[in-house]
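Subject: Handing over the structure, with notes on what was found

Dear colleague,

I am passing this structure on to you, and I would be glad if you kept it open while you read the notes that follow. They are arranged by region and assume that you have not looked at it before.

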Amino acid sequence: MTERIVVVGFGPVAARLVDELLPAVRSGLAHLTVIGEESEAAYNRVLVADLGVGRTTAPALALADAAALIADGVDVRLGVRVRRVDRARQQLILGDGTSPGYDRLVFATGSRPVIPNLTGLNPDPATPVLPLGVTALRDLRDAAGLREAVAGGKRVVVLGGGVLGLETALAAAEEGATVTVVHNGPHPLGRSIDRGGGAVLAASLRNCGVRVAGNARSTGVEHNGPDGGFSALLLDDGSAIDGELLVLSCGVRPRTELAEGCGLSTAAGILVDHKLRAHHEPHIFAIGDCAEVRCPDPECVDCRTARGPSGLVGPGWRQAEWLAEYLTLLASGAEVEAGALPALPAELPGVIVLKARGLNMAVAGDNATEPWDEELLTAGAGNGRPRLQIAQWADPEHGRYVKMTTRAGVLEGLVAVGMPRTAAELVQLFERGAELPADRSLLLRLDGPDQAAAAGAADPGRTVCRCAGVSGTAIAAAASDGCGTVAEVSGATRAGTGCGGCHDDIKGIIEKHFQVAVA
């Protein structure tokens, strides 16, 4: 009997799941239905800001082709909202009046932007009505608004000092807009970067033409622009930051309302076990931004310190690939094999990378402890577990800063601003769990002038695209097969289809290959 699999949500993670399930659909093992609220098929939402500043196109962001999926037998329903899930009857109630049934249901509903509680904004976080000139920059229509502002050289105010807000600010400033980042706290990326790195980062942003208003608490939005549009962000000290476009970048929240409505357990996200199954519901799964892996076993050591959804596309893609294999085994009747499938490995702490003209930054792990915080350095040490050690170097005048937090020589946290080669090496060591050289200054020398000629001599087998897990070797092989652009390499390997932070590295590998070929 054909297994009915329904996927709710059609973002990047759902697109990967659908792609991985296509063999089961083509063979008749599964009947697949995917339901998306937007009228467009899945696209790379992370790069919406790039679309908004004219650096890419909507077709280049596409991650799925609805017509091709339909031709393969997938039931694609776009522009349709799921009103509720009837678990007793194993069916969904849709806004168009239909009620598709399911044998396996997958929530891939993603997350929604946090709308701050400011005077002049709709306080309803589920269905916010943003006034003219205010955007959360989440979809293609939002990108069109940013594009108009940037093309007109207008003043853009970005509320929020997270990585997506900073990327938007840098991109808009590079393309000619006047940009101000407003954040609450002493420096941007306040939850991810230490004080020294944050100070150097803020200075680097200003050097890139981005105005930074720190320690600023917003209270309201003023609408005195044309047609009642945004005109200023009001602050609690009585001042105002004028502008024509306000970009809200205040974080995201997992979309769990459908799961809550049908009685599933939720915390920050929809609670699932290590096989991505909803608690006490073997027919329902969740992946991506809406899923929180925290199994119901109180003795599970991994889940004691588990965090909520990562908010990164790479972990969601790996969940989608694992779940596709699991669901395919179930659909084929191989329940024993499905039960024996190793659980999805726990994700390593995420790495935040910020790249722009004149600014390069990498941050990972716990980096808040300072070299002289003896109490924090020794916390958790004992019984054979060594204490933390800190190596730190700063050159604020030239926008350079490096910090390495290690335990027994292995990185537990890092910050690198203005040191691209050092950052790349530290990220590789962090992700591999490898021990640093005893002389930490060797890593700093990677960005010295004597190393410029050796910049391209990095390990070819290193992971270049962390989102999709694609190595430099695989990218070079794609170039050897004739891929001459980043887009062509992305189509062949999936590299560069996530956050986009590896595009320059992919381009460098392509150029290196064709330089050798010409020679």
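Before anything else, a word on naming: helices (H or I, at least four residues) and strands (E, at least two) are DSSP runs, and they are numbered from the N terminus. Please bear in mind throughout that this is a predicted model.

With that naming in hand, the second largest pocket can be described. Its volume is about 390 Å³, and of the 20 residues that line it, the closest to its centre are L132, G133, K154, E244 and L245. Strand β8 (134-135) and helix α5 (140-151) each supply at least two residues of this lining, and α5 gives the most, with six residues. By character, the lining of the second largest pocket divides into seven nonpolar, seven polar and six charged residues.

Next come the strands. Five of them form an open sheet, with parallel pairing, in the order β8-β15-β9-β10-β11. Strands β8 and β11 (210-213) stand at the edges, and because each has a single partner strand, one side of each is left without a neighbour in the sheet. Within this sheet, strand β9 (residues 155-159) and strand β15 (residues 245-248) run parallel and are joined by four bridges, with V156 of the pair standing opposite L245 in β15. L245 is also one of the residues closest to the centre of the second largest pocket.

An antiparallel pairing is found elsewhere, where four bridges join strand β4 (residues 82-86) to strand β5 (residues 91-94). These two strands form a hairpin with four residues between them, and Q90, in the turn, has a positive phi of about 55°. Across the pair, R84 stands opposite I93 in β5.

Turning to the interior, the largest nonpolar core has 75 residues, of which F10, L92, F107 and L323 touch the most other members. Apart from it lies another core, of 40 residues, among them V53, I193, L201 and Y401. As background, nonpolar side chains in soluble globular proteins tend to be buried together. Returning to L323, and not counting residues up to four places away in sequence, it touches L17, V106, K275, L276, F285 and I287.

One of those contacts, L276, deserves a closer look. L276 lies in the loop between β17 (270-272) and β18 (277-278), and has a positive phi of about 65° although it is not a glycine. Its relative accessibility is 1%, so L276 counts as buried, the limit being under 20%. L276 is also touched by Q319, a residue of helix α10 (residues 313-331). Q319 is itself buried, with a relative accessible area of 9%, and its other contacts beyond four places in sequence are I287, G288, V293 and L344.

L189 also has a positive phi, of about 55°, without being a glycine. Its place is the loop between β10 (178-182) and α7 (195-207), and with a relative accessible area of 6% L189 is buried.

Finally, three residues are partly exposed, and each can be set beside a residue that is distant from it along the chain.

- D19, in helix α1 (residues 12-26), has a relative accessibility of 36% and so counts as partly exposed. D19 and A320 are 301 residues apart in sequence, while their C-alpha atoms are 9.4 Å apart in space.
- E37 lies in the loop between β2 (30-36) and α2 (48-52), and counts as partly exposed at 37% relative accessibility. The C-alpha atoms of E37 and V80 are separated by 4.9 Å, although the two residues are 43 apart along the chain. Leaving aside neighbours within four places in sequence, E37 is in contact with G79, V80, R81 and R255.
- C499, in the loop between α16 (486-493) and α17 (503-518), is partly exposed with a relative accessible area of 37%. C499 and L140 are 359 residues apart in sequence and 16 Å apart in space, C-alpha to C-alpha. With neighbours within four places again left aside, C499 is in contact with V46, L47, V313 and C467.

With best wishes

Conventions. Residues are numbered from 1 along each chain as its sequence is written. This is a predicted model: local features need pLDDT of at least 70, side-chain atom pairs count only at pLDDT 80 or more; totals for chains, interfaces and linings use all residues. Side-chain values use heavy atoms; hydrogens and water are left out. A nonpolar core is a set of buried Ala, Val, Leu, Ile, Met, Phe, Trp, Tyr and Cys residues joined through side-chain atoms within 4.5 Å. Buried means under 20% relative accessible area, exposed over 50%, partly exposed in between (1.4 Å probe, protein chains only). Contact means heavy atoms within 4.5 Å. Two strands pair if DSSP finds at least two bridges between them. On a 1 Å grid over the protein atoms alone, a cavity is a set of points where a 1.4 Å probe fits but cannot get out, and a pocket is an open set with protein on both sides within 12 Å along at least five of seven lines; lining residues have an atom within 4 Å of a point. Grid points are joined across faces, edges and corners, and a volume is the space filled by probe spheres set on the points. Ala, Val, Leu, Ile, Met, Phe, Trp, Tyr, Cys and Pro count as nonpolar, Asp, Glu, Lys and Arg as charged, and the others, Gly among them, as polar.
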